Amino acid sequence: MLIRMVCPAPPGSLYGNRVTAERWARILRSLGHRVAIAPGYEDQQCDALVALHARRSAEAVIRFRRRFPEAPLIVALTGTDLYRDIRRSRRAQRALEAADRIVALQPLAADELEPHLRGKLRVIYQSAEPTRGHVRRSREFFDVCVAGHLRLVKDPFRAAYAVRQLPPNSRIRVLHAGEAMEAAMTRKARAEEARNARYYKWLGPLSRARTRRLIAQSRILVLSSRMEGGANVISEAVVDGTPVIASRIPGSVGLLGENYPGYFQVGDTGALTGLLMRAESDSSFYRHLQSHTERLAPLFRPAEERARWKELLSEIARRQTRK
């Protein structure tokens, strides 16, 4: 099949949607399909459309459906779709109605859909390859990484605030990789570094390879987001054996599990401080986090993601044959 993939994020960007689109394109090509990624849809010929982001890709979805009423159409949901837009954006709602299948990155997404749409849902976990080469973790510091752009929805400075309260003998150091999306965020990151120089360092935007190595070299990854559809950084940390401490939001609980021991409530600085101190000082708790991480790893293998895409496309092909 010739598959057109709509992704609003521009080529070369490090936005999660673009990274996901490019990985999915590689998977679909490995399954024998031709794939073209574009920011929209302009009536081009194709056999199927895959659209990332229900709201932002809604125009492309509706345009494709009008031109090809029977062709396969897949809409993939982002965090802002699931936990904001599909409740209040008519455009996003129309895109879901038009879709033959809806892809989400974790199973709790079903709870956010209208009941009549849940039968369309297919969960495809985002995969990651383990970081290559020898990974050396610091003996001097207990490194904690934050890997995400400086955006309000990510609550990007929660880990920095948490380590302000550490005791003098703590070896924790927060290393924060991510691009400031506006000048105010840059100023805030620099001010936090100056105030909290012992425990916090902003590294700015890093390449994907350098970010992956940072995650692998860290003792803990902190994901403090207020909203996520199913963060790929969790799968990257898991396959590299780096335990996650995460805000308790559905997008992360859907990946890590309800009983994962490393949650704190969104914005609860004190709870995050306590978890970080416990991870540093209590080896049994740290091993407990690690054991959960190890059990999750098979979900995020590339072969698993590929198999789910293969099954989805086979399902759609069978559906087309029956029409």
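**Exercise 1. Arg23 and its surroundings**

Decide whether Arg23 counts as buried or exposed, then find its partners.

*Solution.* Start with accessibility: at 8% relative accessibility, Arg23 counts as buried. Here, buried means under 20% relative accessible area and exposed means over 50%, with partly exposed in between (1.4 Å probe, protein chains only).

A quick note before going on. This is a predicted model, so local features need pLDDT of at least 70 and side-chain atom pairs count only at pLDDT 80 or more, while totals for chains, interfaces and linings use all residues. Residues are numbered from 1 along each chain as its sequence is written, and side-chain values use heavy atoms, with hydrogens and water left out.

Next, place the residue: Arg23 sits in helix α1, residues 16-30. Helices (H or I, at least four residues) and strands (E, at least two) are DSSP runs, numbered from the N terminus.

Now look at the side chain. Arg23 makes a polar contact with the side chain of Gln126 at 2.9 Å, and another with the side chain of Asn232 at 3.3 Å. A polar contact is a pair of N or O atoms within 3.5 Å; within protein, one must be able to donate a hydrogen and the other to accept it, and residues adjacent in sequence count only if both atoms are side-chain atoms.

Finally, widen the view to contacts, meaning heavy atoms within 4.5 Å. Leaving aside neighbours within four places in sequence, Arg23 is in contact with Gln126, Ser127, Asn232 and Glu305.

**Exercise 2. Asp240 in its loop**

Find which side chain Asp240 joins through a polar contact.

*Solution.* First, locate Asp240 in the loop between α8 (232-239) and β11 (244-247). Then check its cover: a relative accessible area of 16% makes Asp240 buried. The partner you're after is Thr131, whose side chain is joined to that of Asp240 by a polar contact of 2.5 Å. Thr131 also turns up in the contact list of Asp240, along with Pro130, Arg137, Arg212 and Ala216, once neighbours within four places in sequence are set aside.

**Exercise 3. Two helices that pack**

Describe how α2 and α4 pack: at what angle, and which residues make the contact?

*Solution.* Begin with the geometry. Helix α2 (residues 58-67) and helix α4 (residues 90-98) pack at an angle of about 40 degrees, and their axes are 9 Å apart. Axes are lines fitted to C-alpha atoms, for helices over the stretch in contact, and angles run from 0 to 180 degrees between N-to-C directions.

Now list who touches whom. From α2 come Ala58, Glu59, Val61, Ile62, Arg65 and Arg66, and from α4 come Arg91, Arg94, Ala95 and Ala98.

Last, sort them: five are nonpolar, none polar and five charged. In this sorting, Ala, Val, Leu, Ile, Met, Phe, Trp, Tyr, Cys and Pro count as nonpolar, Asp, Glu, Lys and Arg as charged, and the others, Gly among them, as polar.

**Exercise 4. Cores and cover**

Find which residues touch the most other members of the largest nonpolar core.

*Solution.* A nonpolar core is a set of buried Ala, Val, Leu, Ile, Met, Phe, Trp, Tyr and Cys residues joined through side-chain atoms within 4.5 Å. The largest one has 57 residues, and Ile220, Val222 and Leu276 touch the most other members. Take Leu276: beyond four places in sequence, Leu276 touches Val144, Ala162, Val163, Ile172, Ile220, Val222 and Ile245. There's also a second, separate core of 33 residues, and its members include Leu49, Ala51, Ala58 and Ile86.

Follow Ile86 into helix α3, where Ile86 is one of the buried residues. Seven of the ten residues of α3 (79-88) are buried. Their cover includes β4 (73-76), α4 and α9 (250-256).

**Exercise 5. Two aspartates with positive phi**

Compare Asp43 and Asp155: which is buried and which is partly exposed?

*Solution.* Asp43 lies in the loop between β2 (34-38) and β3 (48-52), with a positive phi near 70 degrees. At a relative accessible area of 33%, Asp43 is partly exposed. Asp155 is in the loop between β7 (142-147) and α5 (158-163), and its phi is also positive, about 45 degrees, although it is not a glycine. With 6% relative accessibility, Asp155 counts as buried.
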